[in-house]
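I opened the model today to look up a few helices, ring pairs and charged pairs. My entries follow in the order I made them.

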Amino acid sequence: MAGLLTLSRTIDRVNEFIGKWVSWLILVAILVSAANAVIRKTFDMSSNAWLELQWYLFGAAFMLAAAYTLKQNDHIRIDIVYGMFSRRVQHWIDLFGHLFFLMPFVTLMVIYFVPYVSLSFHSGEMSNNSGGLIIWPAKAILLAGFFLLALQGISEIIKKIAIMRGDMDDPTPFISVHEQAELEAKALAEEVRS
């Protein structure tokens, strides 16, 4: 189990680095959008390439940060139902979801995206829009995002098994919305008292 936990920590570090780095792409997309709007309004000229670049940047931030979101346990779930169970049952639910929903989906996506990206790259596929960008980098970002998500899924499965076996502490203990509100209220009350 020690070797698997080392692999899990490595995957976590890689996805954390990438997730934090690509968050800056949102700022770049905003700057490109603002510059494009100013140039369009001021000089009455524009390019589809700038619009497509915004889409590429936002898509890259979304896809490449998906694995980081899973690592941080910030993905969407139905906390009302999930919060009714003990933490041990929650770990079983997470493990089941990772094994039978996440991993088959991301595996299929990676398998199907490899020839999709390869064909686009080898054909030099271009946007249908006048002055648009080449398409394969956007498709490659999709492939990379699903690949990183698959790796993070493996890491999460390793961690869930280790937690349930008692080989490691829970890095992301579940706190319901109600409990979070109570903790924030207590912290605020302590702050007001001091």
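**Entry 1: ground rules**

I took helices (H or I, at least four residues) and strands (E, at least two) as DSSP runs, numbered from the N terminus. The model is predicted, so I noted that local features need pLDDT of at least 70, that side-chain atom pairs count only at pLDDT 80 or more, and that totals for chains, interfaces and linings use all residues. Residues are numbered from 1 along each chain as its sequence is written, and side-chain values use heavy atoms, with hydrogens and water left out.

**Entry 2: helix H5**

I checked the length of H5, which runs over residues 87-123. The expected span of a helix is 1.5 Å times one less than its number of residues. For the 37 residues of H5 that gives 54 Å, and the end C-alpha atoms are 51 Å apart, which agrees.

Where does H5 bend? I found a bend of about 40° at histidine 98. The bend at a residue is the angle between axes fitted to the seven residues ending there and the seven starting there. After H5 comes glycine 124, with a positive phi near 65°.

**Entry 3: helix H4 and the nonpolar patch**

I sorted residues by relative accessible area: buried means under 20%, exposed over 50%, and partly exposed in between (1.4 Å probe, protein chains only). Tyrosine 82 is in helix H4, residues 79-82. Its relative accessibility is 6%, so tyrosine 82 counts as buried. I also looked up its distance to aspartate 94: the two are 12 residues apart in sequence and 9.8 Å apart in space, C-alpha to C-alpha.

Isoleucine 80 is in H4 too. Is isoleucine 80 buried or exposed? At 70% relative accessibility I put isoleucine 80 down as exposed.

Ile80 belongs to a nonpolar surface patch with Val81, Met84, Phe85, Val89 and Ile93, and together they have about 570 Å² of accessible area. H4 and H5 are the elements that give two or more residues to this patch. Patches are made of residues with over 30% relative accessible area and no salt bridge; like charges are joined within 9 Å, nonpolar side chains (Val, Leu, Ile, Met, Phe, Trp, Tyr) within 5 Å. The areas come from the Shrake-Rupley method with a 1.4 Å probe, and for residues only the protein chains shown count as cover.

**Entry 4: aromatic pairs**

I paired rings of Phe, Tyr and Trp (its six-membered ring) if their centres lie within 6.5 Å; planes under 30 degrees apart count as stacked, over 60 as edge-to-face and the rest as tilted. How many aromatic pairs does this rule give? I counted six.

One of them joins phenylalanine 96 and phenylalanine 101, edge-to-face, at 5.9 Å centre to centre with 70° between the planes. Phenylalanine 96 is partly exposed at 45%, while phenylalanine 101 is exposed at 56%.

Phenylalanine 113 and tyrosine 116 also pair edge-to-face, at 5.4 Å centre to centre and 70° between the planes. They are three residues apart in helix H5, so about one helical turn separates them. Phenylalanine 113 is buried at 12% relative accessibility, and tyrosine 116 is partly exposed at 41%. I found both in one aromatic cluster with Phe105 and Phe146.

**Entry 5: helix H6 and its salt bridges**

H6 covers residues 136-165. Its 30 residues should span 44 Å, and the end C-alpha atoms are 44 Å apart, which agrees. Glycine 166 follows, with a positive phi near 85°.

I counted a salt bridge when a side-chain nitrogen of Lys or Arg is within 4 Å of a carboxyl oxygen of Asp or Glu. The structure holds nine. In one of them, lysine 139 meets glutamate 125 at 2.6 Å, N to O. That pair links distant parts of the chain, 14 residues apart: lysine 139 in H6 and glutamate 125 in the loop between H5 and H6. Lysine 139 is buried at 10%; glutamate 125 is partly exposed at 28%.

Glutamate 156 and lysine 159 form another salt bridge, with their closest N and O atoms 2.9 Å apart. Both are in H6, three residues apart, so the separation is about one helical turn. I noted both as buried, glutamate 156 at 9% and lysine 159 at 8%.

**Entry 6: helix H7**

Arginine 193 and glutamate 190 meet in a salt bridge at 2.8 Å, N to O. Both lie in H7, residues 177-193, three residues apart, about one turn of the helix. Arginine 193 is exposed at 64%, and glutamate 190 is partly exposed at 47%. Last, I noted that salt bridges with shared partners join Asp12, Glu156 and Lys159 into one network.
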